[in-house]
Amino acid sequence: MILVLSFPVAAVQASPTLNLMPVPAQLELGEATIEIDAEFSVTVEGNGATPRLQRGVQRMLRRLSDRSTLFFDTSTFLHLKGRSMTSMVVTAVRPGELVVGEDESYRLTITSDGIALQAATDIGALRGLETFLQLLVLD
């Protein structure tokens with residue numbers, strides 16, 4: 001079982017006890033937790049739902065499996081479009097360009113109801129997936 005702390009992104013600076021790299025520009029720590037179990041699922045939405053982002057979600061699920069006793073079928077999330085109950089919804093507005101100054105911002109909100117990752121680009125969503133993995137605490 002894995003527990004994740006609630007981190008709706010929004011305040012001033014990261015807590016010194018969190019090892020987040022890179023350090024978020026803004027961070028707000030909440031008190032809620034969410035359990036991640038074998039039923040954990042991911043939906044990818046938006047015009048930025050590129051093959052690059054889908055592969056990033058597959059890597060995230062594989063790394064999550066490697067760090068826990070849970071097994072996630074990495075192809076499952078591809079079949080979840082339109083599903084009403086999803087553990088994590090990743091939304092990217094558009095595909096990103098690999099250029100200096102591209103928008104890599106994201107907003108990661110974790111509550112007891114679920115996880116929402118919203119980004120302007122698929123590149124920002126990839127950064128948010130990495131932060132999500134860094135926030136995980138094994139129980």
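**Exercise 1. The nonpolar core**

Task: In this predicted model, find how many residues the largest nonpolar core has and which of them have the most contacts inside it.

Solution: The largest nonpolar core has 29 residues, and those with the most contacts inside it are Phe 40, Val 42, Met 60, Met 88, Leu 129 and Phe 132. The next step is to ask which elements supply this core, and here β2 (33–36), β3, α1, β4, β5, β6 (114–121) and α2 each contribute at least two residues. Among these elements, α2 gives the largest share, which comes to six residues.

**Exercise 2. The overall make-up of the chain**

Task: State how many helices and strands the chain has, and in which pattern they follow each other along the sequence.

Solution: The secondary structure comes to two helices and seven strands, and when the chain is read along the sequence these elements follow the pattern β-β-β-α-β-β-β-α-β. Of the 139 residues of the chain, 41% count as buried. Turning to contacts between residues at least 6 apart in sequence, one finds that 67% of them join residues at least 24 apart.

**Exercise 3. The four-stranded sheet**

Task: Work out in which order the four strands of the open sheet stand, and which strands are found at the edges.

Solution: The order of the four strands is β3-β4-β6-β5, and the pairing in this open sheet is mixed. At the edges stand β3 (42–45) and β5 (106–111), each of which has a single partner strand, so one side of each is left without a neighbour in the sheet. On average, and with direction ignored, neighbouring strands of this sheet are turned by 10° against each other.

The pairs can now be taken one at a time, following the order of the sheet. Strand β3 pairs with β4 (residues 88–94) in the parallel sense over four bridges, and within this pair Val 44 has Val 90 of β4 as its bridge partner. Strands β4 and β6 also run parallel and are joined by six bridges, with Ile 115 in β6 as the bridge partner of Met 88. The pairing of β5 with β6 is antiparallel and likewise has six bridges; here Thr 109 stands opposite Ala 116 in β6, while the bridge partner of Tyr 106 is Ala 119. The connection from β5 to β6 is a hairpin that passes through two residues.

**Exercise 4. The helices and their packing**

Task: Determine at what angle α1 and α2 pack, and which residues make the contact.

Solution: Helix α1 (residues 51–67) and helix α2 (residues 122–135) pack at an angle of about 5°, and their axes lie 9 Å apart. Angles under 35 degrees count as roughly parallel, and α1 is therefore roughly parallel to α2. On the side of α1, the contact is made by Arg 52, Leu 53, Gly 56, Val 57, Arg 59, Met 60, Arg 63, Leu 64 and Arg 67. On the side of α2, the residues that take part are Asp 122, Ile 123, Ala 125, Leu 126, Leu 129, Glu 130, Phe 132 and Leu 133. Sorted by kind, the residues of this contact divide into 10 nonpolar, one polar and six charged.

**Exercise 5. Two single residues**

Task: For Pro 95, decide where in the chain it is found and which residues it touches beyond those up to four places away in sequence.

Solution: Pro 95 is found in the loop between β4 and β5, and at 40% relative accessibility it counts as partly exposed. With residues up to four places away in sequence left out, Pro 95 touches Asn 47, Gly 48, Thr 50, Thr 121 and Asp 122. For Asp 122, which is 27 residues from Pro 95 along the chain, the two C-alpha atoms are separated by 5.3 Å.

Task: For Asp 139, decide whether the residue is buried or exposed, and where in the chain its place is.

Solution: The place of Asp 139 is in the segment after β7 (136–138). Its relative accessible area is 61%, and exposed means over 50%, so Asp 139 is exposed. Although Asp 139 and Ser 68 are 71 residues apart along the chain, their C-alpha atoms are separated by 9.3 Å.

Definitions and conventions
Residues are numbered from 1 along each chain as its sequence is written. This is a predicted model: local features need pLDDT of at least 70, side-chain atom pairs count only at pLDDT 80 or more; totals for chains, interfaces and linings use all residues. Side-chain values use heavy atoms; hydrogens and water are left out. Axes are lines fitted to C-alpha atoms, for helices over the stretch in contact, and angles run from 0 to 180 degrees between N-to-C directions. Angles under 35 degrees count as roughly parallel, over 145 as roughly antiparallel, 65 to 115 as roughly perpendicular and the rest as oblique. Contact means heavy atoms within 4.5 Å. Ala, Val, Leu, Ile, Met, Phe, Trp, Tyr, Cys and Pro count as nonpolar, Asp, Glu, Lys and Arg as charged, and the others, Gly among them, as polar. Two strands pair if DSSP finds at least two bridges between them. A nonpolar core is a set of buried Ala, Val, Leu, Ile, Met, Phe, Trp, Tyr and Cys residues joined through side-chain atoms within 4.5 Å. Buried means under 20% relative accessible area, exposed over 50%, partly exposed in between (1.4 Å probe, protein chains only).
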